[in-house]
Amino acid sequence: MSESALLRIGELSKRSGVSPELLRAWERRYRLLEPTRSAGGLRLYSSADVQRVQAMQRYLAEGLAAAEAAALATRPLVEDRDASTAPAAARRELDAALSVFDEARAHRILDELLGAATLDSILSEVVVPYLHEVGERWERGETSVAQEHFATSVLRGRLLGLARGWDRGLGPRVLLACAPGERHDLGLLAFGLALRARGFRIFYLGADTPVDSVAGAARVVKPDFVVVSAVTAEPLRSAARELRELARHYRLCLGGAGAAEVEIGALTLTGDPVEEADRLTTLARTDAR
Ligand code: B12
């Protein structure tokens, strides 16, 4: 759409009969509108925004609550199956369901996605970016703690469901755990699923695992790789001595953003879980030769 075909907030307001204040509130609260910016930084709205405002008005007139109306009004765009816009549309649809605590609908969306796209692309283009979006909105105070907890627990449950049986097979064994005190395990879980899709066998200990307990599990599992992850450096730094010891017995990798700042001689996996799964696959193949 050319810039001249785009509308400013005042023009969108005139066209729809909705005040600029209310339009801004819908944009902020429900992400009903997705403006681009002009060279001068002004918000510019497209015909898709106009359609969503009109849909919102229809649903409100039918007596729906604003959050429900917004969730439905954002739906039609999701039917756009263009490869370049589908992940953003899927994230928006997922968000519309999760932000009004509609778990059944979120599962339907995920079912549809799983039927239509690879797990790699769902992880990299929908789940991980969506978690970032939730986090950013939570930081700005636009998403409540309840909404953030609900969204992450539904997604976590779903990812764990996909993990069933991921320890089977003949591929290299990987033992995965979060560092002691670390409760963020979604990146690690995504990494495990991406590894599984590449034939690895996964043994998952999850959040907040003492390093001596990881070592105990490793004695039983006899993994080819042990991965300990953390979002910040602190949990890894605090456990550095024990992790160094673990690295003497096993091929140790540190994962997650926290690993970037910790130097204990282990391989660090700080990027996207799918890309890092590719890196570990290459490494495992090199080892096998
Ligand atoms: C969900 C969430 C939670 C959930 C976690 C649920 C769970 N089971 O994971 C709960 C509610 C438990 C939680 C708690 C807390 N959280 Co929190 N949380 C988040 C949130 C919204 C999403 C995190 C997430 O899963 N992201 C998706 C992952 C995949 O993305 P990522 O972490 O950026 O990781 C990237 C890479 O590092 C890589 N990756 C990540 N892990 C791994 C692992 C491996 C092996 C590999 C290869 C790659 C990899 O993948 C990503 C893409 O590149 C973020 C917001 C954000 N912006 O991320 C805050 C965030 C991580 N939390 C934060 C904080 C401060 C906390 C608390 C201290 C809050 C509190 N006051 O209680 C506690 C700490 C709990 C603890 N002891 O660990 C901060 C961390 C700030 C910092 N950098 O210091 C963040 C960034 C929010 C913020 N901006 O303040 N949180």
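**Ligand surroundings and selected local features**

Among the 32 residues around the ligand, those that come nearest are His132, Glu139, Arg183, His184 and Asp185. These and the following descriptions refer to a predicted model. The ligand itself sits in the largest pocket. When the residues of the shell around the ligand are sorted by character, 11 prove to be nonpolar, 13 polar and eight charged.

Several elements of secondary structure take part in this shell, and at least two residues each are supplied by the helices α7 (119–139), α8 (145–162), α9 (186–196) and α13 (273–288), as well as by the strand β5 (225–229). Of the contributors to the shell, α7 gives the most, with six residues.

Individual atoms of the ligand can also be placed with respect to atoms of the protein. One nitrogen atom of the ligand has a polar side-chain atom of Glu139 at a distance of 2.6 Å, while a polar backbone atom of Gly181 lies 2.8 Å from a nitrogen atom of the ligand. On the side of the ligand oxygen atoms, one is found 3.1 Å from a polar backbone atom of Ala257. The ligand thus has polar contacts with a side chain, in the case of Glu139, and with the backbone, in the cases of Gly181 and Ala257.

The ligand also contains a cobalt atom, for which the only protein donor is the NE2 atom of His184, at 2.2 Å. His184, which is also listed with the residues that come nearest to the ligand, is located in the loop that runs between β3 (173–178) and α9.

Turning to the aromatic side chains, the count of aromatic pairs comes to two. One of them is formed by Phe101 and Phe150, whose arrangement is edge-to-face, with 5.2 Å from centre to centre and 75 degrees between the planes. Because Phe101 belongs to the loop between α5 (86–98) and α6 (103–116), whereas Phe150 belongs to helix α8, this pair ties together parts that are 49 residues apart in sequence. Helix α8, in which Phe150 lies, is also one of the elements that supply at least two residues to the shell around the ligand.

Finally, the backbone angle phi is positive in two residues that are not glycine, namely Arg31, with a value near 55 degrees, and Asp208, with a value of about 45 degrees. Both residues are found in loops: Arg31 has its place between α2 (20–30) and β1 (36–37), and Asp208 is found between β4 (201–206) and α10 (211–221).

Notes: Residues are numbered from 1 along each chain as its sequence is written. This is a predicted model: local features need pLDDT of at least 70, side-chain atom pairs count only at pLDDT 80 or more; totals for chains, interfaces and linings use all residues. Side-chain values use heavy atoms; hydrogens and water are left out. A residue is near a molecule or strand if one of its heavy atoms lies within 4 Å of it. A polar contact is a pair of N or O atoms within 3.5 Å; within protein, one must be able to donate a hydrogen and the other to accept it, and residues adjacent in sequence count only if both atoms are side-chain atoms. On a 1 Å grid over the protein atoms alone, a cavity is a set of points where a 1.4 Å probe fits but cannot get out, and a pocket is an open set with protein on both sides within 12 Å along at least five of seven lines; lining residues have an atom within 4 Å of a point. A molecule sits in a cavity or pocket if more than half of its atoms lie within 2 Å of its grid points. Helices (H or I, at least four residues) and strands (E, at least two) are DSSP runs, numbered from the N terminus. Ala, Val, Leu, Ile, Met, Phe, Trp, Tyr, Cys and Pro count as nonpolar, Asp, Glu, Lys and Arg as charged, and the others, Gly among them, as polar. Donors are N, O and S atoms within 2.8 Å of the metal (3.2 Å for Na, K and Ca); water is not among the atoms, so sites may look incomplete. Rings of Phe, Tyr and Trp (its six-membered ring) pair if their centres lie within 6.5 Å; planes under 30 degrees apart count as stacked, over 60 as edge-to-face and the rest as tilted.
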